[in-house]
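Student: I have the sequence and the coordinates open. Can we work through them by questions?

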Amino acid sequence: MNTEELKRRFAAGERYFPAVNLSRNRLIGAYLPGINLWGSDLSGANLAKAKLWGADLSRANLAKANLTRANLSGVKLNEANLRGAKLNYAKLYGANLTGAYYDESTRFSRGFDPISRNMRKV
């Protein structure tokens, strides 16, 4: 699946896209609130400024994804792979990050504490 097909299907009312491959896709500023991308491959994707509040990204591969200034409020990121992801200035209010993986190259906003959010460093 590519970015245009995803946006077209989302605009038509579809919300359930489990395990899709969107690796290295450009979704800058995408408006996809409530989308279900459970287990999807978003590694290396550019989701800067994307509006994803209420989405399900559980078990998604977001390794090296750019989520700078993305709205991830209320997003499920349980057991997601966030190794090397850029989360600078991302809105994470109410996001569930339990069991999400991160490493030394993962970038968070100043003052964000991954341990208090039950994340796992690998």
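Student: Is Glu14 buried, exposed or partly exposed?

Tutor: Keep in mind that this is a predicted model. Buried means under 20% relative accessible area, and exposed means over 50%. Glu14 has 30% relative accessibility, so it counts as partly exposed.

Student: Which residue forms a salt bridge with Glu14?

Tutor: Side chains of opposite charge can pair when their charged atoms come close. For Glu14, the closest N and O atoms of the bridge are 2.7 Å apart. The partner, at 23% relative accessibility, counts as partly exposed. It is Arg9.

Student: Which residues are linked with Arg9 in a network of salt bridges?

Tutor: The structure holds 4 salt bridges. Some of them join into a network that includes Arg9. The residues linked with Arg9 are Glu5 and Glu14.

Student: Within what arc do the buried residues of α1 fall?

Tutor: Helix α1 spans 3–11. Its buried residues are Thr3, Leu6 and Phe10. Seen down the axis, they line one face of the helix, because they fall within an arc of 65°.

Student: Which residues are exposed on the other side of α1?

Tutor: An α-helix has 3.6 residues a turn, so residues three or four places apart point the same way. The exposed residues on the other side of α1 are Glu4, Arg8 and Ala11.

Student: What lies at the start of α1, and what comes just after α1?

Tutor: At the start, a side-chain oxygen of Asn2 reaches to within 3.2 Å of the backbone nitrogen of Glu4. Just after α1 comes Gly13, with a positive phi of about 110°.

Student: Which side chain makes a polar contact with the side chain of Ser43?

Tutor: Ser43 sits in the loop between α1 and β1 (86–87). With a relative accessible area of 17%, Ser43 is buried. Its side chain makes the polar contact at 2.7 Å, and the partner is Asp41.

Student: Which residues touch the most other members of the largest nonpolar core?

Tutor: That core has 38 residues. Leu62 is one of those asked for, and beyond four places in sequence Leu62 touches residues including Ser43, Leu57 and Leu82. The full set is Ile35, Leu52, Leu57, Leu62, Leu72 and Leu82.

Student: How many residues apart are Glu104 and Lys121?

Tutor: Their side chains meet in a salt bridge at 3.9 Å, N to O. The pair links distant parts of the chain: Glu104 is in the loop between β2 and β3, Lys121 in strand β4. At 61% relative accessibility, Glu104 counts as exposed. The two are 17 residues apart.

Notes. Residues numbered from 1 in each chain as written. Predicted model: local features only at pLDDT ≥ 70, side-chain atom pairs only at ≥ 80, totals over all residues. Heavy atoms only, no water. Helix = DSSP H or I, 4+ residues; strand = E, 2+ residues; numbered from the N terminus. Buried < 20%, exposed > 50% of the residue type's maximum accessible area, 1.4 Å probe, protein only. Polar contact = N/O pair within 3.5 Å; in protein donor to acceptor, adjacent residues only side chain to side chain. Arc of directions from axis to C-beta. Core = buried A, V, L, I, M, F, W, Y, C linked by side-chain atoms within 4.5 Å. Contact = heavy atoms within 4.5 Å.
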